[in-house]
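Grab a pencil and work through these exercises with the structure open beside you. Try each task before you read its solution.

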Amino acid sequence: WYYTVELNPGLFTRGDEYPYVICTRALLQRLNPASLDVCDIGTMEGLIPVLLKRRGARSVVALDACDSSEKVHLVQQCYGARFEYFPRISLSRVKEFLADRARLSGFLGATQSQRGFDVVVLSGVLYHVFSPLHVIGLARTLLKEGGVLILETAASCQDRYAQNWVFRGDKWIYPSGTNTWFLTLKLLDHFLRFMKLKLIDCVHGLGYEDITRVGVAAVAVADPLPLKAESEWFLKTTTNFDYDEIVDSDWAAAGPVKIPYSPG
């Protein structure tokens with residue numbers, strides 16, 4: 001088990017005790033999910049979908065590259081939480097899979113038929129992927145304009161624009177074997193603005209050395225958001241041939257929306 005889950009009073013699974021989901025939960029507490037459509041990428045055993053459904057989310061689509069079907073179904077049964085769970089969906093397939101799901105929703109009886117989500121949760125994923133920029137672009141693609149991204153990751157506090165590989169030449173930053181890039185906070189902010197996401201909130205937890213765990217909330221906006229110092233070249237870069245494919249802000253058919261959120 002990834003999470004420690006109380007299946008019955010006093011009966012707990014032996015999870016690996018990952019405390020950093022508290023950053024994600026702190027941000028979600030500032031958001032009112034009632035009647036919203038949510039996509040949780042990297043759901044593991046469905047902690048986030050259970051919490052959001054309990055608070056009135058209209059629909060939650062939970063995706064993961066792993067297959068934890070037996071565990072997720074047990075959690076759903078114990079908590080009475082109804083959400084859609086789709087295992088074995090790699091990040092490269094998410095957009096195509098969700099487009100097909102929306103197209104076939106009338107036949108499948110899904111609760112959300114239009115493409116696009118009010119909230120996308122990307123918790124504990126970004127520092128495991130080989131291309132963080134593409135994954136942030138994917139999250140923006142899935143959001144309706146005005147929708148909110150809740151992102152939690154391990155990041156570097158170095159005061160520069162950089163993306164640090166997990167191996168530094170003499171040691172590993174996180175030596176678990178599944179980690180890749182650690183964006184500096186400056187570059188994470190830059191990537192969000194480049195991908196049409198406006199930062200509105202932030203929390204952070206303990207780390208080690210120059211690495212911290214950070215959670216951010218960002219609103220999907222219509223255009224990139226350059227700083228004054230970046231304005232000369234920032235928007236020109238978005239005319240790159242691949243940009244609209246990486247951040248396809250026309251994919252979400254619905255919107256714009258206004259999400260109830262109270263920054264901390």
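**Exercise 1: the largest pocket**

The largest pocket has a volume of about 720 Å³. Bear in mind that you're looking at a predicted model.

*Task.* Find out how many residues line the largest pocket, and which of them lie nearest its centre.

*Solution.*
- Step 1: count the lining, and you get 30 residues.
- Step 2: look towards the centre of the largest pocket, where Y2, M44, G124, V125 and H128 lie nearest.
- Step 3: sort the lining of the largest pocket by class, which gives 17 nonpolar, 9 polar and 4 charged residues.

**Exercise 2: two helices side by side**

*Task.* Work out whether helix α1 is roughly parallel or roughly antiparallel to helix α2.

*Solution.*
- Step 1: recall what to look for. Two packed helices are described by the angle between their axes and the distance between the axes.
- Step 2: locate the pair, with α1 at residues 21–29 and α2 at residues 47–54. Their axes come within 12 Å and cross at roughly 20°.
- Step 3: compare that angle with the cut-off. Angles under 35 degrees count as roughly parallel, so α1 is roughly parallel to α2.
- Step 4: add the handedness, as α1 passes α2 in a right-handed crossing.
- Step 5: list who meets whom. From α1 come V21, T24, R25 and L28, and from α2 come L47, I48, L51 and L52. By class, this contact of α1 with α2 has 6 nonpolar, 1 polar and 1 charged residues.

**Exercise 3: the second largest pocket**

*Task.* Say which element gives the most to the lining of the second largest pocket.

*Solution.*
- Step 1: start with the space, which is about 370 Å³ for the second largest pocket.
- Step 2: check its lining of 18 residues, where Y3, T4, V5, R25 and L47 lie nearest the centre. The elements that give two or more residues to this lining are α1, α2 and α3 (69–79).
- Step 3: pick the top giver, and that's α2, with 4 residues.
- Step 4: finish with the classes for the second largest pocket: 11 nonpolar, 2 polar and 5 charged residues. R25 and L47 also turn up in the contact between α1 and α2.

**Exercise 4: a closed space**

*Task.* Find which residues line the largest cavity.

*Solution.*
- Step 1: count cavities of 30 Å³ or more, and the answer is 1.
- Step 2: note that about 40 Å³ of space lies in the largest cavity.
- Step 3: read off its lining: L126, Y127, T153, A154, A155, W181, F182, L183 and L188. Strands β7 (143–156) and β9 (181–183) are the elements that give two or more residues here.
- Step 4: split the cavity lining by class, and you get 8 nonpolar, 1 polar and no charged residues.

Technical notes. Residues numbered from 1 in each chain as written. Predicted model: local features only at pLDDT ≥ 70, side-chain atom pairs only at ≥ 80, totals over all residues. Heavy atoms only, no water. Axes fitted to C-alpha atoms, helices over the stretch in contact; angles between N-to-C directions. Parallel < 35°, antiparallel > 145°, perpendicular 65-115°, else oblique. Left-handed = near helix turned anticlockwise from the far one by under 90°. Contact = heavy atoms within 4.5 Å. Nonpolar A, V, L, I, M, F, W, Y, C, P; charged D, E, K, R; others polar. 1 Å grid on protein atoms, 1.4 Å probe; cavity = no way out; pocket = protein on both sides within 12 Å on 5 of 7 lines; lining within 4 Å. Points joined across faces, edges and corners; volume = space filled by probe spheres on them.
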